[in-house]
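Thanks for making the time this morning. I would like to walk through one model with you, beginning with its sheet and ending with two backbone details.

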Amino acid sequence: MEQRVLGRTGRQVGVVGLGAWQLGADWGQMTEDEALATIQTAVDGGVTLIDTADVYGDGRSERIIGRFIKDHPGLFVATKMGRRMDQVPENYVLENFRAWNERSRRNLGMDTLDLVQLHCPPSSVFSSDAVYDALDTLVSEKKIAAYGVSVETCDEALTAIARPGVATVQIILNAFRLKPLEQVIPAARAAGVGIIARVPLASGLLSGKYDENTTFADNDHRTYNRHGEAFDVGETFSGVDFATGLEAVRRLAPLVPEGMTMAQFALRWVLDQEGVSIVIPGARNRAQAAGNTSAAALPPLDAATLDAVRDVYDELIRPQVHDRW
C-alpha cells in the first residue's frame, strides 16, 4: 500500500487506515471475534494505522485493539480523549488528561500512545494556551508521542493548525463534504500538519448499498442521531438529509469506473485530494475491510470525474452543509 508521512508525527502510514468506532458501539452489534477478524483483514491488506477513541463502547474498541496489537507490534494506534465528561472547556485540564491517558494506555496495553487527539471538544478549547501546555506536558513525560485534534468545523481546524505542537487534524472529508478543500487542506499542507480524513463513506451512504427502504438497528447512530439528538449531526451521514444523500449517490453512480465499487470510488476520491495523509473508513466485517484497503491500489480519478463530483455537491449538498461545517 502507498505510504504517506502523517504530518508532524514523522511516521509513515498506509494511506488507508481502519476507523474503529464500530468495534466499540453505535453501529449495531459486533462480536469480539468479528472485530479481531476485521482488523486482521485490514492489516493483511496493508493498513498500518487504526483510529479509535476512549468512548467507543466505553473503551471496548481500545481493549479489542489492545488485544490485537499485543501479537502484532508496530501498528500505529491513534486514539482520542475528552468526551468522557461534560463538554465544557473547564474539563480540558491536565489532571483529566492524565486520567484519560492512563485509562487509554491501560486499555491498549501501551506505555506511550502513538497519537492522542482531542475528541471534538467545545470550540473555545482549540484557542486555549493551557490546553496545549497540558498536551506538551504529556509528550515530555513520554505518555504520548504526539497529539492532534478531531474537529467538527473548518474554523476549529484552522485554529488548531496554527499551533506548532499539533501533529494532525482529523476532519470529515468526503464527496458530500468539500468545504475542507478550500482552506483547511492548504493550510495543513503549508504547516506540515497531517490530515486524517474521517467519515469518508458518509456513514455508509456512499457505499451505494442503501435505499429508501433501508433501516438500521435501534442502537445504530444512523437511527438515533439522524437530527443530532446524541452528538453533532455532522457525524451521521455527514449532516446530509438521508433522501438527499440517496439522490446524490444515484447521480454519482454513473461516474464510477469499471472495476470499482461505489465505496472504493468514494475512498479513491478522498485519496486523490492533495494534502490528505490517510483516510480511515470503518468496516464491520472482513469483506468491507478488504474492499476498503483495495481502494489504495486503484488508479486516481481523472479531472473530468472530479469535476462531476463537485457538480453534484454544488447542486444537492452544498445548500445543506457548506455554511455549517
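Before I describe the sheet, one definition is needed: two strands are said to pair here if DSSP finds at least two bridges between them. Please also keep in mind throughout that this is a predicted model.

With that rule in hand, eight strands form an open sheet, whose order is 3-4-5-6-7-8-9-10 and whose pairing is parallel. Strand 3, residues 18-19, and strand 10, residues 278-279, are the edge strands, each of them pairing on one side only. As a general reminder, strands of a sheet pair through backbone hydrogen bonds, and the arrangement can be either parallel or antiparallel.

Let me take strand 7, residues 147-150, as our point of reference. Tyr147 and Val149 point one way from this strand, while Gly148 and Ser150 point the other way, and all of them are buried. On one side, strand 7 pairs in the parallel sense with strand 6, residues 115-119, over four bridges, and within that pairing tyrosine 147 is the bridge partner of valine 116. To get from strand 6 to strand 7 the chain passes through helix 5, residues 129-140, and this β-α-β crossover is right-handed.

Strand 7 is also joined by four bridges to strand 8, residues 166-172, the two running parallel, and here valine 149 has valine 169 as its bridge partner. The connection from strand 7 to strand 8 goes through helix 6, residues 154-161, and is likewise a β-α-β crossover of the right-handed kind.

Moving one strand further, strand 8 and strand 9, residues 194-198, run parallel and are joined by five bridges, with isoleucine 172 standing opposite arginine 198 of strand 9. Helix 5 packs on this sheet, where it touches strand 5, residues 76-81, together with strands 6, 7 and 8, and its direction makes about 135° with that of strand 7.

How do helix 3 and helix 4 pack against each other? Helix 3, residues 60-70, and helix 4, residues 94-108, have axes 7 Å apart and meet at an angle of about 45°, and the two helices are therefore oblique to each other. The contact involves Glu62, Arg63, Ile65, Gly66 and Ile69 from helix 3, and Arg103, Ser104, Asn107 and Leu108 from helix 4.

Next, is tryptophan 21 buried or exposed? Tryptophan 21, which sits in helix 1, residues 21-24, has a relative accessible area of 15% and is therefore buried, since the cut-off is under 20%. Leaving aside residues up to four places away in sequence, tryptophan 21 touches Asp26, Trp27, Asp51, Tyr56, His221 and Phe231.

One of those contacts, Asp26, brings me to the backbone. Most residues other than glycine have a negative phi. Aspartate 26, although not a glycine, has a positive phi of about 75°; it lies in the loop between helix 1 and helix 2 and, at 22% relative accessibility, counts as partly exposed. Serine 203 is not a glycine either, and has a positive phi of about 60°; this serine is in the loop between strand 9 and helix 8, and is buried, with a relative accessible area of 5%.

Finally, a word on annotation. An unreviewed UniProt entry places the feature "domain: NADP-dependent oxidoreductase" at residues 16-312. In the model, that span is 39% helix and 11% strand, and its end C-alpha atoms lie 25 Å apart.

Key:
Residues numbered from 1 in each chain as written. Predicted model: local features only at pLDDT ≥ 70, side-chain atom pairs only at ≥ 80, totals over all residues. Heavy atoms only, no water. Buried < 20%, exposed > 50% of the residue type's maximum accessible area, 1.4 Å probe, protein only. Right-handed = clockwise from strand over helix to strand, strands pointing away. UniProt positions renumbered as here; feature names shortened; annotations may be inferred. Axes fitted to C-alpha atoms, helices over the stretch in contact; angles between N-to-C directions. Parallel < 35°, antiparallel > 145°, perpendicular 65-115°, else oblique. Contact = heavy atoms within 4.5 Å.
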